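Please look over the structure below before reading on. The explanation that comes after it moves from the whole chain to single residues.

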Amino acid sequence: MSEGTQETTPAGGDDAGPDGEQPTELLLGNEAIARGALEGGVGSVSAYPGTPSTEIGDTLRGLSDDYGFYMEYSVNEKAALETGIAAAYSGLRSLVVMKHVGLNVAADTFMSLAHAGVDTGLVMVVADDPNMWSSQNEQDTRWYARFARVPVLEPTDPQEAKEMTAAAFELSEAVGHPVIVRPTTRISHTRAPVSLDEIPEVARGDGYDPDPQRHVQVPAHGRQLKPKLLQRIEEVRDVLEDSRFNQVETIGDPDGVGVLASGIAYNYVRESLDWLDADADVFKLATPYPLPENRVGSFLRAHDRVLVVEELDPVVEDSVRSLAQRAGVDVEIAGKQDDRLPTAFELTTDRLLEPMASFLGVQPPENAPDGEDDVDDDLLVGRPPQFCPGCPHEQLFNGIAEVVGEDAIQPGDIGCYTLGVNLGMVDIQFAMGAGTGFAAGFAQFNDDPVVATIGDSTFFHTGIPGLVNAVYNGADATIVVLDNRTTAMTGQQPNPSTGWTADGEDAPAVPIEDVARAVGADYVDVVDPYDPDEVTDSVEQAVDTDGVSVVVSRAPCVLFRQDEGDRIQPVEADFGGDGA
Amino acid sequence: MSNDLVVTGVGGQGALLAANAVGEAGTAAGMETRVGEIHGMSQRGGSVIAHVRVGEDVHGPMVPTGRGDAMIALEPMEALRYAEYLGPDAVVLVNETTEMPLPVQQGAAEYPDGDAIMDELHSLGEVVPVDAEGIAREAGDKIAANAVLLGAFSARVAFPLSAEQLLGGVETMVPDDAVEVNRRAFEAGREVIDRERPVSIP
């Protein structure tokens, strides 16, 4: 089969069953979430791309004209959330999409949003990445939900992810509060049959009606808002007591044994029970925060022993233990806090099988996975990620290496160019935009030259404040911006260097060299990374210049689609023609 | 009970496409279906695995280790890399053409001996080597090697999807102008397996 545009059937057309049943399509979890947003009447989508959340925006960006919603890739997740809040406050149902670490960037605004609440629905999809398949760390977004007192829904599969996203708008409006949907990698990147419902017409807002008592968060107002927040989250808890996404089912003859499984962990619990041929009551929990305490309390009271299974941290388990203590329920609770279940990395049936068997008092099967693959390692050679043939980043790194050798301190950043670590060209990399901040900092405390590398999308995301910090505080550092004119690693999304927006409209590109000059960098140059002499001459001058130097290395990504007709990639899940 | 297949290969060979073709076939047949993939760092040239589960009672997106009923491998070493997923009676359909990893291209490592890889695979399950790339080239395009292996899979492995259903999945996945080549590749793959498809369907 050749790679290429996938042929799709218009949803709701000839896929409909003979009895007029709902059409069903094989959808990626992220496509299902995009579909759920459409079925929920979304009026605004703002996102910053990041694995495993990226395909949500990529699916929706090709459909904004068809369905009449606003779509933007924001410069970062905080800007995305602010656009999303503005949309909701202007009367449009608003979807904001990011990966887990993106919520760190948006957290400041997020905390205030929880205090203010919403009237029109605002749904944040925050995709967690257990196992760090494409991330610098694992974070459990459910802590953020609890921290800010914002409800979080956790889907079990793509079908539920779709339904939950649509329902999250209803919940948000019913309780006047933002709602988080938390998929993890194995939801976002799993395909499953998803039944499609109608897409309503986008409800237009009436515009912004200022409400300073709620929206201007000065201390006097904040003191009014905090008690209301505490009250509102209890109202959410009451509403979630009746959530249809929470279900209890009885497998076999449980005899006082219960398992409480949150989100995707439910699948692994069910599979383990099948495999072990064991019995239990299973509580499929879709609302980890706030915990529906009446319903969970009844489950605890009805059992002698309950195992809590969830991916990453013991968020639900801690709440359940707290509830049992407060309610005086005499029940044995097991999970991560008694070291039965792992806290690091993603959960799998493989990893759950033995702890489940031990909790249930049954023997694990003879052919249970032992974690050994019995394959002779000498027969395997790794296939590490690599620069694409002809990548401008690789050329540029070679040029820097020629000038500074191994002497320089080299902060890096997040993008394809992080692969520079394999060339010995990245010494430190923590977070988006941190490279410029590290450049400013290390230059204050070291005599070796400091040469930082950062991409265009990352520069706009959070790299600019570190550059200003370096200039203003008198650092002697060189910042090389690898401007390939696109957000390459996540699949070629446009950013302010690109010259067009998420929906393919022309936009004035922001020249990075102009930004550098405007903030007062001492040396600013633009080079062609494919011209080795130009690169080495400029980097040499930059390093020799006292103060802050910015070298913009400009060449489009070799995969960059530059023709106007290619601005929006083909949408894999073509929902066109359905609904409205 | 689910029927579990893993598809492995190197980024750019169409392993995900093959997995999704089976997923489309399962969906069209009204079965519970899951196709588990990993995106992001698995770029061109990287190692790829996709999990396909089809049946009446499918839980979770990943084939547990030691439970796979079959593997379609577009590259021999990639078959071995994911051998832990093979169940005791698993069938491995493996393309014979090797793809050199970057460390080998750079001279930092050597590609393991091909016979040793096959011997090791044979020790782990039933292996059906297929010259998928050569057969695909004869069918019109070597990139259709995945369709050749799917055809061989349809003829060799007891799976609750017919050859017609699997071919339908392939046709759903490929662009219009590639349907003919892929159909030929799929049929040629079927012909490689010279015995009848087992009839037992769980």
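What follows treats the overall build of chain A, then a charged surface patch, and then one residue of chain B.

The coordinates come from a predicted model, and every value given here should be read with that in mind. Chain A holds 19 helices and 17 strands, and its C-alpha atoms fill a box of roughly 75 × 65 × 60 Å when this is taken along the principal axes. For 580 residues, a compact globule would be expected to have a radius of gyration near 25 Å, so the 26 Å of chain A agrees with that expectation. Of the 580 residues in chain A, 59% are buried.

On the surface, a negative patch draws on both chains: chain A contributes A:Asp253, A:Asp255, A:Asp274, A:Asp277, A:Asp279, A:Asp304 and A:Asp330, while chain B contributes B:Glu32, B:Glu56 and B:Asp57. One of these residues, A:Asp304, lies in the loop that runs between α12 (293–301) and β12 (305–309) of chain A. A:Asp304 counts as exposed because its relative accessibility is 53%, and the cut-off for that class is over 50%.

In chain B, B:Glu24 sits within helix α1, which covers residues 15–28. Is this acidic side chain's residue, B:Glu24, buried or exposed? B:Glu24 counts as buried, because its relative accessibility is 14% and buried means under 20%. Although B:Glu24 and B:Thr172 are 148 residues apart in sequence, their C-alpha atoms are 7.3 Å apart in space.

Definitions and conventions
Residues numbered from 1 in each chain as written. Chains lettered and ligands numbered in written order. Predicted model: local features only at pLDDT ≥ 70, side-chain atom pairs only at ≥ 80, totals over all residues. Heavy atoms only, no water. Patch = residues over 30% accessible without salt bridge, like charges linked within 9 Å, V, L, I, M, F, W, Y side chains within 5 Å. Areas by Shrake-Rupley, 256 points an atom, 1.4 Å probe, with all protein chains shown as cover. Salt bridge = Lys/Arg side-chain N within 4 Å of Asp/Glu carboxyl O. Lys, Arg positive; Asp, Glu negative; His and termini not counted. Charge placed at Lys NZ, Arg CZ, Asp CG, Glu CD. Helix = DSSP H or I, 4+ residues; strand = E, 2+ residues; numbered from the N terminus. Buried < 20%, exposed > 50% of the residue type's maximum accessible area, 1.4 Å probe, protein only. Rg over C-alpha atoms; globule rule 2.2 N^0.38 Å.
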